[in-house]
Amino acid sequence: MLPDSDFTNSKYTGQSTKAAYWMILLGTICAALALVTGILKNNYTFCVSTLFAVAGSLLLLIGASIWTVVVNKTQVINDFPLVTRSAGEIPLGITMSSGPAIPLLWGAFAALLLSVVPYMISPPFLVMLVTLRPAAALAVVAAFVASSVHAIPRVTRTGRYLYQEDGTRFYIKGIAYQEQGEVIESDDNHFLEPSTFIDPLAIPAACTRDVEYLRQASINTIRVYSVNSSLNHDACMKTFSDAGIYTIIDLALPMNGSIDRLSPSWSSNLLDQYLRTIDVFSHKSKNYNQLVGYAAINGASTFRNTLADYLSCGSEETSIDLYGLNDYSWCGASSFQSSWAGTHSQFADYNVVAYLSEYGCISSPPRLWTEAAALLSSDMSDVWSGGIAFSYFPAASAAGQFGMVTVSADGNSITTSSDWDALVTQYGGATGPNTPSQSSVAASTYGTCPSESTFLGSNTLPPTPNESDCGCLESALSCQFTPATRNYSAIVGELINTGCSLLGEAGGSCVDIGGDGQTGVYGRISACDPTVKLSYVMSQYYEAQSRNAQACSFAGNGTVNSGATAAAASAASSCIASPSATFVPTSPPTLSGGGASSTSTRTSGGSNSNGGNSGNSNNNNSAASVVAATNALVGVAAMAFVGVASAVWTLV
């Protein structure tokens with residue numbers, strides 16, 4: 001090598017070029033990953049793509065800088081003279097050149113850096129920035145670098161209280177969070193309950209829109225009344241989890257997804273629905289906690305207290321963990337003594353966690369929400385662990401119009417009310433006492449369950465629904481329910497009533513499909529889906545009419561099963577051999593797509609999410625997202641081409 005120049009056998013130069021090689025290689029890989037993840041139009045993949053693009057830019061910047069310095073230093077050889085005795089100084093004849101490699105490398109860096117800009121200004125990435133608190137944003141970066149995931153603190157039950165992992169007492173500062181579905185007024189719908197529902201945890205844009213309002217109000221829990229287990233809830237659950245907000249999720253759905261209070265039964269469709277919901281949300285967090293609760297409407301103390309005792313009797317295995325009471329007795333500028341002292345004293349010795357699953361009287365507007373401060377004070381903290389204010393979204397009921405915000409027509413923004421401002425003030429100034437300490441709380445004791453003479457409910461539980469047995473019966477029945485409409489939930493009950501009436505006139509009965517929770521006597525078919533029950537009743541009537549095809553019509557909703565040979569009663573005895581069996585059920589198959597027929601197509605937040613999609617923006621946002629995504633992808637694609645070309649040219 002040549003002395004007195006930079007063109008020497010330098011270990012430093014060799015190590016530098018080796019480092020530059022790896023920087024360029026890793027930068028090119030990051031660019032390729034940015035391109036792949038950017039193609040997936042999803043809020044979180046946009047964020048990941050941006051991180052890859054930023055990382056790739058930094059790596060290419062370092063690699064390009066090292067190569068530029070090394071090449072510039074070694075180009076001294078171009079002018080290095082060779083000294084000879086005869087001719088003096090003559091050119092050495094060696095020329096050092098990088099060709100187009102260095103310019104291509106800097107071009108790759110510039111293209112990748114510019115590709116980051118559209119990502120940063122695109123709605124999906126801005127959604128991510130709004131969704132995540134600063135600490136959560138750092139957690140995302142940490143997860144990217146070190147595979148460490150931030151999880152919401154676990155809340156557990158000790159005795160009759162809730163505690164966080166550090167032993168701090170946990171109080172529910174909650175709000176009901178669900179837009180109201182379609183309400184059909186009728187004589188048997190005294191509470192104006194909706195017949196459809198809008199799943200708020202499947203609309204990521206709405207969750208992102210609302211989460212900062214909830215945080216500013218110091219809300220740590222939302223209650224959701226109905227969810228569709230076939231939809232994707234990942235984005236919303238992460239949004240609320242990152243904000244430190246827990247979810248209380250009811251299992252019931254409107255119409256065919258709820259226990260009918262007028263004719264209650266425990267059937268396979270309900271069991272499968274509940275298990276699917278539990279399975280879906282149990283996988284959302286490593287800190288999932290299986291606390292089973294019940295929310296009851298307030299009523300006469302003789303009914304309310306006996307029901308509460310029934311739900312928490314026997315043993316820990318058969319008792320609930322959380323008892324919720326919907327109580328609207330505090331109205332306007334009332335007081336603890338005037339409104340809640342009586343109920344409080346009657347629950348003084350209750351053995352499990354109690355909270356108000358709804359509160360917020362509207363009969364004396366405006367709502368001052370002073371009851372929120374009382375609920376979280378020492379006057380009530382020895383019994384109650386907070387409550388759920390009703391309601392975030394507008395909701396009509398027999399009592400009037402609830403709701404503290406209104407959603408804009410495009411779903412992109414909300415307007416708060418004076419009710420909301422008052423709740424924010426009260427929740428913000430209330431902190432429940434951190435007593436008693438978790439270590440001092442004794443385990444719950446469970447009393448004897450109320451007798452049938454004092455409580456109209458038997459201690460003999462209904463059989464565990466068996467989907468396999470019910471499926472066996474359905475396929476063996478001679479007249480099968482084949483509805484003429486997809487929305488058959490509304491007609492099943494009416495057809496069962498019609499079928500039982502006709503069957504009674506023919507000398508039969510519907511005792512096999514019924515059950516009596518007061519006496520603890522349940523029919524052989526009582527645990528099957530209502531549609532199977534209907535097919536059973538239709539088959540019995542069809543057979544009683546000497547298998548006349550017209551007797552199976554039921555206004556076009558029945559079809560003769562030509563392959564059935566056994567009578568309905570015989571098929572039931574064969575398929576459901578142990579009608580009183582109880583066992584631990586297994587999880588049903590997972591649904592996909594819009595599996596819940598009662599889910600409303602109306603959306604909040606300008607997006608409608610379905611299975612496997614984290615949320616499509618509304619039309620305006622969608623156009624902006626596509627433009628931004630396309631610009632970013634063009635930049636990444638250009639960088640990928642230039643980066644690969646420069647890497648090959650430089651390294652070969």
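This passage goes through the disulfides, a run of parallel strands, some backbone oddities and a surface patch in a predicted model.

Disulfides come first. A search over the whole structure turns up seven of them, and three are described here. A disulfide, in general terms, is a covalent bond between the sulfur atoms of two cysteines. One of the links runs from Cys207 to Cys236, with an S to S distance of 2.0 Å. The torsion about its S-S bond is 95 degrees, and the link of Cys207 and Cys236 is right-handed. Both ends sit in helices: Cys207 belongs to helix H6 (residues 204-216) and Cys236 to helix H7 (residues 234-242), so the pair links distant parts of the chain, 29 residues apart. Cys207 has 0% relative accessibility and therefore counts as buried, the cut-off being under 20%. Cys236 also comes out at 0% relative accessibility, and so counts as buried.

A second disulfide pairs Cys470 with Cys528, and here the sulfur atoms are 2.1 Å apart. The S-S torsion of Cys470 and Cys528 is about -90 degrees, so this disulfide is left-handed. Cys470 is part of helix H14 (residues 467-476), while Cys528 falls in the loop between strand E18 (521-522) and helix H16 (530-544), so the pair ties together parts that are 58 residues apart in sequence. With a relative accessibility of 4%, Cys470 counts as buried. Cys528 is buried too, at a relative accessible area of 1%.

The third pair is Cys479 and Cys552, joined by a disulfide with S to S at 2.0 Å. Its torsion about the S-S bond is about 100 degrees, so the disulfide of Cys479 and Cys552 is right-handed. This pair links distant parts of the chain, 73 residues apart: Cys479 is in strand E16 (residues 479-481), and Cys552 is in the loop between H16 and strand E19 (558-560). Cys479 and Cys552 are both buried.

The loop between H16 and E19 also holds Ser546. Its phi is near 60 degrees, which is a positive value in a residue other than glycine. Ser546 has 68% relative accessibility and so counts as exposed, given that the cut-off is over 50%.

Next come the strands around E10. Strand E10 (residues 353-359) is mostly covered, with seven of its seven residues buried. Four bridges connect strand E9 (residues 322-326) to E10, and the two run parallel. Gly324, for one, has Tyr355 of E10 as its bridge partner. E10 is also joined to strand E11 (residues 384-389), through three bridges and again in parallel. Here Tyr359 has its bridge partner, Ala389, in E11. Taken with helix H12 (residues 370-375), E10 and E11 make a right-handed β-α-β unit.

The loop between E10 and H12 has a couple of backbone features of its own. Pro365 and Pro366 are joined by a cis peptide bond, with omega at about -5 degrees, and Pro366 is placed in that loop between E10 and H12. Trp369 is found in the loop between E10 and H12 as well. For Trp369, phi is near 60 degrees, a positive value in a residue other than glycine. Trp369 has a relative accessibility of 1% and so counts as buried, whereas Ser546, with its positive phi, is exposed.

Another cis peptide bond runs from Thr435 to Pro436, with omega near -10 degrees. Pro436 lies in the loop between helix H13 (418-428) and H14; H14 is also the helix that holds Cys470.

Two surface features round things off. Thr586 is found in the loop between helix H17 (568-575) and helix H18 (619-651). Its relative accessible area is 67%, so Thr586 is exposed. Thr586 and Asn466 are 120 residues apart in sequence, yet their C-alpha atoms are 9.7 Å apart in space.

The other feature is a nonpolar surface patch of about 510 Å², made by Tyr21, Trp22, Leu25, Leu26, Ile29 and Leu33. Tyr21 of this patch is placed in helix H1 (residues 11-39). At 31% relative accessibility, Tyr21 counts as partly exposed. Cys30, in contrast, is buried, with a relative accessible area of 11%.

Technical notes
Residues numbered from 1 in each chain as written. Predicted model: local features only at pLDDT ≥ 70, side-chain atom pairs only at ≥ 80, totals over all residues. Heavy atoms only, no water. Disulfide = S-S within 2.5 Å. Buried < 20%, exposed > 50% of the residue type's maximum accessible area, 1.4 Å probe, protein only. Patch = residues over 30% accessible without salt bridge, like charges linked within 9 Å, V, L, I, M, F, W, Y side chains within 5 Å. Areas by Shrake-Rupley, 256 points an atom, 1.4 Å probe, with all protein chains shown as cover. Salt bridge = Lys/Arg side-chain N within 4 Å of Asp/Glu carboxyl O. Pairing = 2+ DSSP bridges. Right-handed = clockwise from strand over helix to strand, strands pointing away.
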